[in-house]
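Visitor: I am new here and would like to look at this structure with you. Could you show it to me and explain the words you use as we go?

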Amino acid sequence: MRICLIGSSGQLGRHLQDAAGERGFVIQALARQDLELGDEIAVREVLKRCLPFDLLVNAAAYTKVDLAEEQVDEAFAANSRGPEYLAAFCRNHDLPLIHVSTDYVFDGQKQSPYLPADRCSPVGVYGKSKAEGERRVLSGHAKAIILRCSWLFSKYGNNFVKTMLRLGREREKLTVVDDQVGCPTCAGDLAGAILDMAVTVVEPGFHKWGIYHFCNAGSTTWYRMACRIFETARRLCSLRVREVEPVSSDQYPSPVRRPPYSVLDCSATEDVFGIKSRPWQEALEEVVTWLCSDKAC
Ligand SMILES: NC(=O)c1ccc[n+]([C@@H]2O[C@H](COP(=O)([O-])OP(=O)(O)OC[C@H]3O[C@@H](n4cnc5c(N)ncnc54)[C@H](OP(=O)(O)O)[C@@H]3O)[C@@H](O)[C@H]2O)c1
């Protein structure tokens, strides 16, 4: 299998390279310095030079949720126009496309897990740009998979787990939001799921294109996730933090409201691709253990 990967230096992109290497897949890895997604001509020219490949995976995105409120054009270039150009390239070369998206396409007002077919109603610029990207990909190419995920964490990049471990070493007291419910997702597990999907979608008879969800099993709040991080880390390294206080989103200054509830229903992913995810606690323990080990230094 030959995969062309966009966004190779992000946290998911790095896990995709690791996982592809373990499976013996050939990866053409493109970071931002190789390909600027907002540049339509560059997308066409750079991807043409990467041919032949069997599948395109887009793990690149503008992911700064707060800053997106100011950098609207940059967010839409990476998250809407770029994916549209990728879809057009894939359509013209009859190649499958897996495009990664987010739970932030929902407003979080639902009281039960979001299904792939639920209506998008994003609240901030980031969510709006990702929802528009999904729409453009699906209308631009019949052979596309949109894979939504949520609350990514991993040993790579910037994420909540790494921030909590840093703050837990620096401070005695922390406040963490306790009124947003979601599904933490290990970027390594997501990478494995994407490669499992890749194997299925390159089969000539595959026809179940469309939107799917993947996250680790179970749901929690940021506060409960933080407590779990510290519980595990305390056994492995020294922390300064003694008190973690739950607070509401109103007490946490942010230019944009996050969805209060963004649990994703992943049953279609299991039914169609046979992909079953493990509990978030198990994946979290693995990542925290790695981050507290000598390997992380
Ligand atoms: N992180 C989360 O919690 C989360 C949650 C739900 C869904 N997702 C989705 O999961 C996917 C992967 O997220 P991630 O956390 O791995 O993201 P990430 O670590 O922020 O990586 C994103 C990558 O995209 C690149 N990029 C940004 N703008 C670009 C542009 N205009 N042209 C080309 N490359 C560009 C970035 O390069 P530079 O760093 O050089 O700019 C970076 O390497 C994204 O689709 C994201 O929307 C993430």
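Guide: Gladly, and we can begin at the ligand: by class, the shell around the ligand holds 13 nonpolar, twelve polar and four charged residues. Ala, Val, Leu, Ile, Met, Phe, Trp, Tyr, Cys and Pro count as nonpolar, Asp, Glu, Lys and Arg as charged, and the others, Gly among them, as polar. Please keep in mind that this is a predicted model, where local features need pLDDT of at least 70 and side-chain atom pairs count only at pLDDT 80 or more, while totals for chains, interfaces and linings use all residues. Residues are numbered from 1 along each chain as its sequence is written.

Visitor: What makes a residue part of the surroundings of the ligand, and how many residues surround the ligand?

Guide: A residue is near a molecule if its C-beta atom, placed from the backbone, lies within 6 Å of it. Around the ligand there are 29 residues, and the closest are G10, L12, L37, A60 and A61. Two or more residues of the shell come from each of α1 (11–23), α3 (72–92) and β4 (97–102). Such helices (H or I, at least four residues) and strands (E, at least two) are DSSP runs, numbered from the N terminus.

Visitor: How do you know which strands pair in the open sheet?

Guide: Two strands pair if DSSP finds at least two bridges between them. Strand β3 (residues 55–58) is joined to β4 by three bridges, so the two count as paired, and they run parallel. One of the partners there is L97 of β4, which is bridged to L56. The open sheet has six strands in the order β2-β1-β3-β4-β5-β10, with parallel pairing.

Visitor: Why are β2 and β10 said to stand at the edges?

Guide: β2 (26–30) and β10 (210–213) each have a single partner strand, so one side of each is left without a neighbour in the sheet. On average, neighbouring strands of this sheet are turned by 20° against each other, direction ignored.

Visitor: Now for the helices: why is α2 called oblique to α3?

Guide: Two packed helices are described by the angle between their axes and the distance between the axes. Axes are lines fitted to C-alpha atoms, for helices over the stretch in contact, and angles run from 0 to 180 degrees between N-to-C directions. Angles under 35 degrees count as roughly parallel, over 145 as roughly antiparallel, 65 to 115 as roughly perpendicular and the rest as oblique. Helix α2 (residues 40–50) and α3 pack at an angle of about 40°, with their axes 10 Å apart. That angle falls in none of the named ranges, which makes α2 oblique to α3.

Visitor: Which residues meet between α2 and α3?

Guide: E40, V43, R44 and L47 in α2 meet G82, Y85, L86 and F89 in α3; contact requires C-beta atoms, placed from the backbone, within 7 Å. By class, that contact has five nonpolar, one polar and two charged residues.

Visitor: What makes α3 roughly parallel to α4?

Guide: α3 and helix α4 (residues 125–140) pack at about 15°, with their axes 8 Å apart. An angle of about 15° is under 35 degrees, so α3 is roughly parallel to α4. Their contact has nine nonpolar, five polar and five charged residues.

Visitor: And why are α5 and α7 called oblique to each other?

Guide: Helix α5 (residues 160–170) and helix α7 (residues 222–234) pack at an angle of about 60°, with their axes 10 Å apart. This angle also belongs to the rest, and α5 and α7 are therefore oblique to each other. The residues of their contact divide into ten nonpolar, one polar and no charged.

Visitor: What makes D94 and the bond between L51 and P52 worth a stop?

Guide: Most residues other than glycine have a negative phi, and most peptide bonds are trans. D94 has a positive phi of about 50° although it is not a glycine, and D94 sits in the loop between α3 and β4. L51 and P52 are joined by a cis peptide bond, with omega about 5°, and P52 is found in the loop between α2 and β3.

Note on methods: Two residues are in contact if their C-beta atoms, placed from the backbone, lie within 7 Å.
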